[in-house]
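Colleague: Could you take me on a close look at a single helix in this protein? I am new to reading structures, so please go step by step.

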Amino acid sequence: MNQLNQVNELEIVNQLSSQPAVVNMPVSQLLNAPGNEALRDFFFKPVKDKTILKGKRIAVIAADGFEEIELLGPVWYFKQLGAQVDIVAPKFNPAPARYGLVYPEMSKTHIMAIQYLQPVGWIKFDKTADQIKVNDYHAVFIPGGAWNPDNLRYDKDVIKFLQDFNKSGKLIAAICHAPVVLASADILKGRKLTGYWNIQVDLKNAGATVVDEPVVTDGNIVTSRHPIDVADFSRAVENWLVKK
């Protein structure tokens, strides 16, 4: 390839590429934002009973693109209450080579966190979705993040597990964009729930009655709308498990 062609290709590639950006959105910014005092207190006030969920086993089903606080917040809280929590991810399944994607080695053992569509870090998962059974857990919860639910709703192991878990009557909890995974599992007909505002039409199309509330409990399904609802969401899961 001659130098002229190389220059021409570089110019085209530059036009096909956006400018790199590094965005810093610390969790402290969310907790200290005006109006989020109750959310801040949820994390910083000591938990009164650290054994209330002792013996309970909870699976967190998540993939690349999960909203950081929506996973790590409830996980922290449930562990504070004595629960055993496993992070469960779809089995690593790289895209075909022609897609031109490059995966870091840690993709085989970790999933990527985001904050409002900005990648911020990685966490290690404990199991893959093909390794878990309904009898292993008392509850399942799915964090949001716009990419995470899209990655989950295409995974056959995840969908089959959620369908079987729902038949068992055990708790399924989903926050933000995550209820669309339940729509893909076809378990929302006739149910009352909530979710992130721009997916509410999808939930209605799946046969659900949608309300704009911080948290909704209908039978064995608990749903919430947004990261600012993490405290209400976590307490609703706690209350459901304690009553059962």
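Modeller: Happy to! One term first: contact means heavy atoms within 4.5 Å. Keep in mind, too, that this is a predicted model. Let us look at helix 6, which runs over residues 156–168.

Start with its length. Helix 6 has 13 residues, and at 1.5 Å a residue they should span 18 Å. The C-alpha atoms at its ends are 19 Å apart, which agrees.

Now for its two sides. A residue counts as buried when its relative accessible area is under 20%. In helix 6, Val158, Ile159, Phe161, Leu162, Phe165 and Asn166 are buried. These residues cover an arc of only 165 degrees around the axis, so they sit on the same side of helix 6. Turn to the face pointing away from that buried side, and you meet the exposed residues Lys156 and Lys167.

What lies over the buried residues? Several elements help to cover them, including strand 1 (57–61), strand 7, helix 5 (147–153), strand 8 (171–175), helix 7 (179–184) and strand 12 (221–224).

Finally, visit the two ends. At the N-terminal end, Asp155 acts as a cap for helix 6: one of its side-chain oxygens lies 3.1 Å from the backbone nitrogen of Asp157. Just after helix 6 comes Gly169, with a positive phi of about 80 degrees.

So, as you turn the model, look for the buried side with residues such as Phe161 and Leu162, then for Lys156 and Lys167 on the face turned away from it.

Conventions. Residues are numbered from 1 along each chain as its sequence is written. This is a predicted model: local features need pLDDT of at least 70, side-chain atom pairs count only at pLDDT 80 or more; totals for chains, interfaces and linings use all residues. Side-chain values use heavy atoms; hydrogens and water are left out. Helices (H or I, at least four residues) and strands (E, at least two) are DSSP runs, numbered from the N terminus. The expected span of a helix is 1.5 Å times one less than its number of residues. Buried means under 20% relative accessible area, exposed over 50%, partly exposed in between (1.4 Å probe, protein chains only). The arc is that of the directions from the helix axis to the C-beta atoms. A polar contact is a pair of N or O atoms within 3.5 Å; within protein, one must be able to donate a hydrogen and the other to accept it, and residues adjacent in sequence count only if both atoms are side-chain atoms.
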